[in-house]
Amino acid sequence: MIDRLSLRTRVLIAISGAAALVVAAISYAVATRDTDLPLNHSVQAATLQGQRLLVVSDRKLATISATDPTAPRQAHAADCVRSYAAGDTTVCLRPKDAWTHTLVTMNGNLSDLKEYKLPGVPSRARVSASGRMISWTTFVGGDSYTSSGMSTRTGVIDTSNGAYLPSIEHFRVTREGKPYRAADVNYWGVSFAQDDNTFYATLATDGERYLVRGDFAAKSVETLAPNVECPSISPDGTRLAFKEAIDNDPLKGWRISVFDLATKKVTHLSETRSIDDQPAWLDDDTVAYTWRATDGVPSIWSVRADSTGKPKKIADNAESPAPIS
Amino acid sequence: MYLTTVTTPTPPDPAQPDPTQPGRSGSVRSRVTANVVALGAVSLVTDISSEMVAAILPVFLVLNLHLSPAAFGAIDGLYTGGTALLRLVGGYVADRTQSRKLVAGIGYGLSAVMKPALLLAGRSAVAIGVVIAIDRAGKGLRTAPRDALITLSSAPESLGRAFGVHRAMDSTGAFLGPLVAMAVLALTADSFDAVFVTSFCIALFGVLVLVLFVRDHRERVADAPRVEFSQVGRMIARPGILRLLAASSILGLVTIGDGFVYLILQRREELGIAWFPLLSVGTMVVYMLLAVPLGALGDRIGLRTVLIGGYVALGLVYVLLVSPLHGVVSLVLVVVLYGIFYAATNGILIALAGPVIPEHLRTTGIALIQTGQALAYLVSSVAFGIAWTQWGPRIACQVSASAVVVAIVASLFLLRTSPNSDNPEDNTEEVAS
């Protein structure tokens, strides 16, 4: 039937079709403009009492009270999607445009110090207790979405000399006691120990996700235990808080847990909801983490690190908790 | 019937002279039929649509929907087989019903509808996985009927150029997609929803162009041989087809995949982060620029020669990945050779295969070759991963380069006869049965 139409008619239909679609696309863009969520917290400079947390709220840095969810927040101008702070160093993973992000280091007043390029989409950021070692993880897409999934990229910055290591994927691997190499090695969720050289991280390869202990100077890692993701070392250096995939299957969600480095014993904490976050220790007995509701809105919670007690909400509409002094 | 269409670029329809048929003089377009240009335009528009979504998908899934890529990746492996099966079924149905345009159209339409569906899928990893699976199924469904239509709309002596024009237009769309996405984001203050909706509108326009300007290749029902499933088996058993399937699968087996090539390149050159995406962009630009010249060259010196030349370029890429040559020179060489590989093989293989496959089973035959290659890619990437684990990337590359040499020798042997030589009698026999 269409073959019977003259070329002129077909061109006219094509042009009117194109015009209609352009109008449709533009109307949609205009209609949905400025529908950003209103800020639902008070923006005011207040002196916060007691322990404070640096968090990300509505993609901006904010400082909140670690103990009183109703206390006023201190909002900052800095745009960040992930952040962490320790020692004198604050790190912020910041959108540069719609699809590129940068890592920005900041001083105690949260003013920018240095900017580093990042590949892909920010996932994790950590600073060692001394403030010296910064680590980050991003998701890097396939070449196109017809090729398979996403991989991670994990890098480290040594702020003492500014050395920037864009990836740790070339580190030597000892897997279950044997030297190992594979193209599909992926790391995420790094946490540096007190000595600023030993680190813990997740190593995924061959369908398994391992806890590894790394030696940064020696550029090597060794696997310690399976099914441990996003480790976070406790202030006393004896335990790791982490997320454990339920039945070793990430599709079933994650249980927030603690791994004892001396006994290798795993303790499930009393939070039973699925938590996809790298936990942060508030003190030697308490960890904080982000829980995300089904509508995507994050909130920060804390729970005792020994399977007792109940999860307690610290802040609505906030994520990426980092204790600051 | 078959013999006449082999020598005629478009199906002659005396009652209705084709107004889209350009005069046969001079320029590139005039040597490529209007139908091929129309199919190229559909691919160009559709690739803009799909690549603009591909460009923002990781950010959208991870930062906007807060999906864990671990959950997302787990779904990913499940549907490769399903897509392959659908491609074969689609090819057979297109031949049986003589509706290549309709089957291709359903494929384009499915992918178009999945753009807004991505928005509606919400934060469910499963729903998003299903939407992406359907999108890919649409791609699998449309490729074979589209390529069959190109072969049926072109004279055999200009098939190389026809596929060159089509693939150049296709990759131009892929190149423009991310730029269009960038423009939409800039105009809408970073509204991802607007990118999906714009992508949907562009995809619909692609379907409209297909409906309006692409002509199906139908024979009169009385003349058309009935396509039975048993014919597919007999077609595969024919020496010409069997050799072609074997050669394309063997060649597929030595293709380790973009991911590995770029990964090794990035590691050995310690490429800065900003440079990394330029590797695939550079390869695509070379592909885009060389598709037409290499296709035309294939028409002059033989498609087989150009195809083999493409695999020589691939072998050189593997050699360069382990060579002592470093720095900008080696990077540029790899990108240029890799682009040549794509331009000399992607469309050329189908251009070479088309005339060998009987016309009434053309779509099924092309679907078989494409599925064979897709499965070979899967095997080769897994094998390369294992080789990497066993021996490290260096030896894995050396083994791959040696495998390319073996594959080239094997395919020279398999493709040794001129592709058209065993057609006429075979075909009449097929029609009679």
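# Two chains, step by step

Reader: Hello! How many residues does the contact between the chains take from chain B, and how many from chain A?
Author: Welcome! Please keep in mind that this is a predicted model. Both chains contribute to the contact, which takes 65 residues from chain B and, from chain A, 54 residues.

Reader: What share of the area buried between chain B and chain A comes from carbon and sulfur atoms?
Author: Let us begin with the area itself, which is about 5,000 Å² between chain B and chain A. Across this interface the salt-bridge rule finds zero pairs. Carbon and sulfur atoms, for their part, give a share of the buried area that comes to 68%.

Reader: How many helices and strands are there in chain B?
Author: Chain B has 433 residues, of which 59% count as buried. Among its contacts with a separation of 6 or more, 84% are between residues 24 or more positions apart. As for helices and strands, the numbers are 18 and zero.

Reader: How far apart are the end C-alpha atoms of helix α3 of chain B, and what span should we expect?
Author: This helix covers residues 34-64, which makes 31 residues. The expected span is 1.5 Å times one less than the number of residues, so the helix should span 45 Å. The model agrees with this, as the end C-alpha atoms are apart by 43 Å.

Reader: Where does α3(B) bend?
Author: Follow the helix along and you will find a bend of about 45 degrees. A proline, B:P58, follows within four residues of the bend. After the helix comes B:H66, whose phi is positive, near 60 degrees. The bend itself is at B:I56.

Reader: How many residues of α3(B) are buried?
Author: A residue is buried when its relative accessible area is under 20%. By that cut-off α3(B) is mostly covered, and of its 31 residues the buried ones number 28.

Reader: Why can we say that α12(B) is largely enclosed, and which element of chain A do its buried residues pack against?
Author: Helix α12 of chain B runs over residues 258-269, and its 12 residues should span 16 Å, which agrees with end C-alpha atoms 16 Å apart. Nine of the 12 residues are buried, so α12(B) is largely enclosed by the rest of the structure; among them are B:F260, B:Y262 and B:R268. These buried residues pack against α13, α14, α15, α16 and α17 of chain B, together with one element of chain A, β10 (151-158).

Reader: Is A:L240 buried or exposed?
Author: Look for A:L240 in strand β19 (residues 239-245) of chain A. Beyond residues up to four places away in sequence, A:L240 touches ten others that include A:Y200, A:F259 and A:W281. Its relative accessible area is 0%, so A:L240 is buried.

Reader: Which residue forms a salt bridge with A:D112?
Author: A search over all chains finds 24 salt bridges. In one of them, the closest N and O atoms are 2.7 Å apart, and the pair links strand β7, home of A:D112, with strand β5, 18 residues apart. A:D112 is partly exposed at 43% relative accessibility, whereas its partner is buried at 15%. That partner is A:R94.

Reader: Which helices hold B:R146 and B:D170?
Author: B:R146 and B:D170 form a salt bridge, their closest N and O atoms being 4.0 Å apart. Both count as buried, B:R146 at 7% relative accessible area and B:D170 at 15%. The two residues are 24 apart in sequence, and their helices, in that order, are α7 and α8.

Reader: Which residues of chain A are linked in a network of salt bridges?
Author: A separate pair makes a helpful warm-up: A:D236 forms a salt bridge with A:R239, with closest N and O atoms 3.1 Å apart. The network links A:R124, A:R209, A:E229, A:K243, A:D276 and A:D277.

Reader: Over which residues of chain A is the pLDDT below 50?
Author: Chain A averages a pLDDT of 87, and 91% of its residues score at least 70. One stretch below 50 has 16 contacts in the model beyond near neighbours in sequence, while another has 17 contacts beyond four places in sequence. Where pLDDT is low, the predicted coordinates should not be read in detail. The stretches to treat this way are residues 36-46 and residues 143-148.

How values were computed:
Residues are numbered from 1 along each chain as its sequence is written. Chains are lettered from A and ligands numbered from 1 in the order in which they are written. This is a predicted model: local features need pLDDT of at least 70, side-chain atom pairs count only at pLDDT 80 or more; totals for chains, interfaces and linings use all residues. Side-chain values use heavy atoms; hydrogens and water are left out. The bend at a residue is the angle between axes fitted to the seven residues ending there and the seven starting there. Buried means under 20% relative accessible area, exposed over 50%, partly exposed in between (1.4 Å probe, protein chains only). pLDDT is the predictor's confidence in each residue, from 0 to 100. Contact means heavy atoms within 4.5 Å. Buried area is the accessible area (1.4 Å probe) that two parts lose on being put together, summed over both. A salt bridge is a side-chain nitrogen of Lys or Arg within 4 Å of a carboxyl oxygen of Asp or Glu.
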